[in-house]
Amino acid sequence: MAFELPKLTYAYNALAPHIDALTMEIHHSKHHQAYVTNLNNALAGSEDIKLNIEEICKNISKYPVAVRNNGGGHFNHSFFWSLMAPNAGGSPTGDLAKAIDASFNSFEEFKKLFSTAGTTRFGSGWAWLILKDGKLVISSTPNQDNPLMDVTEIKGQPILAIDLWEHAYYLNYQNRRPDYIAAFWNVVNWNEIERLYVNEMGKLLKEAK
Ligand code: MN
């Protein structure tokens, strides 16, 4: 079983006007598809093609650079699509809201710090909210690296991510990355982020017992 492009749970035009339909279509059907195709090519003939992409990322130092770039691309984009939804945005609730307030003083302050991580990442990459040893941490990675990878400086379990590559926003926002990041908040699916947070915290508590 080779890696496959996951279907989106919403239409290409569902996130407009914040993320336009053509950007979504090219990003998913061309860019993400290329990462999947190139990952399968890079692992052709290897048993590792049957592994979970998270497992590959966690041991990425054992693989050639084509697996790092395209495996990272596959994980990162699959994750990114799941974090967005139409009629979303707003603010988190429940345990995640409490954890964000405890870690960053307020949701507004968190948004500012996460946005700054996005605007200050030079070139292509990603900004992340991760769980690191049970604590929420904001980080960023270059290229298609991610916080699961054993080569990444700040490691943890991703909770939220934004794609900072120009292909994610250039058609609609051109060079205005900060405008794209500001618009991103309108499509963040906080229900899903909270589900991830609660799920990961549950695993950590179980491990601690
Ligand atoms: Mn992308």
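The legends below describe close-up views of a predicted model.

**View 1. The manganese ion and its donor residues.** Four residues coordinate the manganese ion: His27, His77 and His167 through NE2, and Asp163 through OD. The coordination distances run from 1.9 to 2.1 Å. Along the sequence, the donors follow the spacing H-x49-H-x85-D-x3-H.

**View 2. His27 and His167, two donors from distant parts of the chain.** His27 belongs to helix 1 (residues 21–42). His167 sits in the loop between strand 3 (157–163) and helix 6 (170–173). The two residues are 140 residues apart. His27 has a relative accessible area of 1% and is therefore buried. For His167 the relative accessible area is 18%, so this residue also counts as buried, the limit being under 20%.

**View 3. Surroundings of Ser139 in strand 2.** Strand 2 spans residues 135–142 and contains Ser139. Ser139 is buried because its relative accessible area is 5%, under the 20% limit. Leaving out residues up to four places away in sequence, Ser139 touches Ala117, Pro147 and Ile154, as well as Trp126, Ala127, Trp128 and Ile130.

**View 4. A nonpolar surface patch made by Leu22, Ile26 and Leu171.** The patch covers about 260 Å². One of its residues, Leu22, lies in helix 1, the helix that also holds the manganese donor His27. Leu22 has 48% relative accessibility, so it counts as partly exposed; exposed would require over 50%.

Definitions and conventions: Residues numbered from 1 in each chain as written. Predicted model: local features only at pLDDT ≥ 70, side-chain atom pairs only at ≥ 80, totals over all residues. Heavy atoms only, no water. Donors = N, O, S within 2.8 Å, 3.2 Å for Na, K, Ca; no water. Helix = DSSP H or I, 4+ residues; strand = E, 2+ residues; numbered from the N terminus. Buried < 20%, exposed > 50% of the residue type's maximum accessible area, 1.4 Å probe, protein only. Contact = heavy atoms within 4.5 Å. Patch = residues over 30% accessible without salt bridge, like charges linked within 9 Å, V, L, I, M, F, W, Y side chains within 5 Å. Areas by Shrake-Rupley, 256 points an atom, 1.4 Å probe, with all protein chains shown as cover. Salt bridge = Lys/Arg side-chain N within 4 Å of Asp/Glu carboxyl O.
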